[in-house]
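Could you walk me through this protein, step by step? I'm new to it and would like short questions with reasoned answers.

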Amino acid sequence: MASEEELFASVDALLNEEPHLPPPAERARLREAAGITQARLATALKTTTQSVKNWENGRSEPKSPRLDAYQRLLKGWAAKYPAPGAAPTATPAPAASIEPAASTVTADAPQAPAVPAAAPVRPAAPRPTSASRHPATKKAALPAADPRFPHGPLAVLDGDGCAYGVDGIMLDCPATTVVELVEWTLRESGLGAPKLNRYGKDSDPLIVLTAAAAVKLGLPERLEGHEQRRSLRLPEDHPVVKQVVKARWRLTQRGFGPWARIYRKVQGRERQCVQLAVLSWDALDERSWPGVSEMEPADIARVLGVYATRVITPRGSTAVSGLELMTALRPPTKPERDEETGNWVSAYNPGSLGTEPMDPAPPEATAEHPVVVGSGWTGGFLDEEAYQWVRPVDLLTDEECTLPFAVGLDLNTAFLAAAARLVVGLSAPDHFHAPKFNPKIPGSWLVDLSHVELDPRLPSPFTPDGSPPTGPAWYQTHTVAYAQELGYDVHPIEAYLRRETGAYLDPWHDRLKNAYVDTLADLGVTRELSDTEFLAAMERHKDADPAMAAVLAAIKATVKGGIGKLRERPQGKKYKEGERWPALQRPTWRPDIRAAVISKARVNMHRKLRNMATMTGLYPLAVLSDCVVYPSPGDSPLDFLPYAASGKPQPGAFRLGPTPGLAKLEGVQSMLWAVDLMEQGLNPARHIKGGDAVLDEGE
């Protein structure tokens with residue numbers, strides 16, 4: 001028989017237990033019965049409306065002292081508003097016990113693996129105003145599409161141990177070291193994202209660390225050094241790096257920098273990898289993610305969550321993510337059953353770039369590439385770059401100079417539009433002498449196009465600076481095909497062509513196009529708008545929702561950076577010409593594909609310039625990548641763009657609209673301003689927006 005002392009100890013233990021709350025659905029019923037809104041309850045308990053929502057849908061639980069106050073309130077409501085069919089009582093019906101652990105599954109939560117339930121208590125002090133005009137969520141989270149990842153692809157961790165996820169989810173993270181954070185993320189957080197292609201891999205969970213979270217985990221608040229910040233890393237003898245290695249985790253060759261991947265070798269089919277992004281180490285570049293680093297954690301989670309849902313879970317810079325998206329959508333291998341053994345083996349996935357890196361043809365490479373240095377190549381290189389052209393001042397007419405305005409048009413994600421249905425080479429290049437030109441074969445052609453005569457008021461379509469070619473040069477297939485389209489004979493001297501071809505970038509284009517259009521629509525810019533309404537909506541779209549405007553900027557940077565990464569140059573002062581650099585080990589180091597995209601984009605631009613001259617008699621003052629400046633009688637594109645009698649835009653010329661390849665207003669200045677810049681040898685297209693900001697496309 002138990003002694004009196006043992007009984008009293010057991011009773012005291014019960015008295016000291018955390019108070020138990022009724023089930024989440026009952027909490028909501030009691031509040032609604034009392035006629036109290038979630039916002040009013042949040043004010044009374046000095047918390048956020050989102051926290052109340054989380055309590056009422058079972059995503060998180062309050063902690064003392066809010067837990068005690070909330071319990072007292074619910075008891076009072078339960079006495080006044082008993083459940084239908086139940087006798088009035090001062091105490092609510094007993095609920096399932098909720099252990100005060102870091103991560104638990106509540107009684108009403110779906111039975112998904114390791115679903116965290118407890119959220120940290122926020123201090124009563126007022127929080128700074130959110131950077132977004134919209135709340136972190138518009139509504140409660142919808143059921144997860146993949147039950148393995150009930151809490152979405154990523155979370156933003158603050159210094160109080162609160163991890164902010166997508167759709168307003170808040171998780172309680174007890175980790176105090178990086179190793180504990182990695183293990184919590186993989187075992188308890190419920191974070192991650194399903195693969196984008198059935199032959200691909202799931203996206204690893206991403207944890208974004210605020211400055212306070214980084215310091216709490218033992219990391220320095222800032223990385224110091226004289227190199228470019230993106231190349232800075234923690235030294236190998238740093239205590240955190242030692243902890244990671246001691247716990248038998250690994251870091252990639254990039255080390256522990258602004259974007260760190262911590263992993264163990266795959267065991268079976270389960271990946272064990274977590275990615276960390278440290279905000280105070282400039283993980284989110286201001287040019288690609290404007291204003292995001294300064295936002296509240298919930299808003300950062302919203303921005304990155306939308307990007308992850310529409311594009312890909314960020315894996316580094318937007319350029320890295322753009323390249324990773326290509327591989328995620330076109331995995332290099334697929335499982336295939338071996339006919340002899342009956343076993344499943346890894347086989348080449350048709351339409352992909354495969355698993356092995358491929359050396360380019362010498363004219364497609366860069367001057368420092370081993371295939372150039374090792375062979376002593378002196379035959380010249382492809383020069384397929386975006387336009388940087390200004391019309392000579394002596395070719396301006398008096399009539400043009402008397403027009404009052406210079407109006408800049410910018411093509412939406414011109415490189416993305418060029419990637420649509422673009423056939424590229426998938427195999428290694430073969431060398432041909434005096435081949436017959438075929439516009440359907442991707443490759444590099446040595447051709448003399450100096451005989452092509454065009455109006456000098458337009459840039460040449462064959463060179464980035466718009467000057468006419470003076471002799472034989474290497475061109476990508478689209479450039480040569482355009483000369484043929486203009487009615488000129490072409491006779492290649494030699495060529496490097498690829499026998500296996502495919503529209504490798506198609507899924508990449510389609511996903512990014514949808515992301516771009518959907519995000520613009522969130523900002524109030526839709527396809528249904530008239531041209532006048534479109535111009536007005538674009539003028540105010542960045543102010544409609546700064547968070548979604550940041551997503552839009554990141555999508556555009558993903559397009560530009562992804563194409564640029566196809567020909568990543570060597571980095572660092574220690575590099576010596578002729579050495580292989582890390583980027584060459586990727587199957588996605590493909591300068592020929594980059595050249596194909598840029599060639600097609602430049603040809604598309606010239607075709608529109610030529611059609612504009614035919615339809616309107618107007619010629620551009622300058623072109624920079626995807627921005628063109630025209631003299632105009634008014635301060636709007638509507639004053640000079642061609643329209644049919646029905647009011648519809650004329651096909652073939654520049655058209656306004658929110659989809660890739662259509663145009664928007666870049667800026668307006670006086671014609672006198674433009675001519676002054678041209679006389680100084682400067683490009684008005686670079687400055688028409690105001691200031692010296694470089695345009696959002698091009699290299």
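Below are some questions and answers about this structure.

This is a predicted model, in which local features need pLDDT of at least 70, side-chain atom pairs count only at pLDDT 80 or more, and totals for chains, interfaces and linings use all residues. Residues are numbered from 1 along each chain as its sequence is written, and side-chain values use heavy atoms, with hydrogens and water left out.

Q: How many helices and strands does the protein have?
A: Here helices (H or I, at least four residues) and strands (E, at least two) are DSSP runs, numbered from the N terminus. Going by that, the secondary structure comes to 20 helices and 20 strands.

Q: What share of the residues counts as buried?
A: Buried means under 20% relative accessible area, exposed means over 50%, and partly exposed is in between (1.4 Å probe, protein chains only). The protein has 699 residues, and the buried share is 50%.

Q: How many disulfides turn up in the whole structure?
A: A disulfide is a pair of cysteine sulfur atoms within 2.5 Å. For C162, the nearest cysteine sulfur belongs to C173 and is 9.6 Å away, so under that cut-off C162 is in no disulfide. Searching the whole structure gives a count of 0.

Q: Which strands stand at the edges of the open sheet β10-β18-β19-β11-β20?
A: Two strands pair if DSSP finds at least two bridges between them. The 5 strands of this sheet pair in the antiparallel sense; for instance, β18 (622-624) and β19 (627-632) share 3 bridges, with V623 and V628 as bridge partners. An edge strand has a single partner, so one of its sides is left without a neighbour in the sheet, and that holds for β10 (388-390) and β20 (663-670).

Q: At about what angle does helix α18 run to β19?
A: Axes are lines fitted to C-alpha atoms (for helices over the stretch in contact), and angles run from 0 to 180 degrees between N-to-C directions. Helix α18 (591-616) lies across β11 (405-411), β18 and β19, and its angle to β19 is about 10°.

Q: Which helix packs on the open sheet β13-β16-β14-β15?
A: This sheet has 4 strands with antiparallel pairing. Within it, β14 (443-448) and β16 (494-497) are joined by 4 bridges, and S444 stands opposite Y496. The helix touches β14 and β15, making about 110° with the direction of β15: α14 (477-485).

Q: Which residues touch the most other members of the largest nonpolar core?
A: A nonpolar core is a set of buried Ala, Val, Leu, Ile, Met, Phe, Trp, Tyr and Cys residues joined through side-chain atoms within 4.5 Å. In soluble globular proteins, nonpolar side chains tend to be buried together. The largest core here has 89 residues, and those touching the most other members are L505, W508 and F654.

Q: Which residues is P357 in contact with, leaving aside its neighbours within four places in sequence?
A: P357 is found in the loop between β9 (344-348) and α11 (370-373), and is partly exposed at 31% relative accessible area. P357 and R586 are 229 residues apart in sequence, yet 5.3 Å apart in space, C-alpha to C-alpha. With contact meaning heavy atoms within 4.5 Å, the partners are L584, Q585, R586 and P587.
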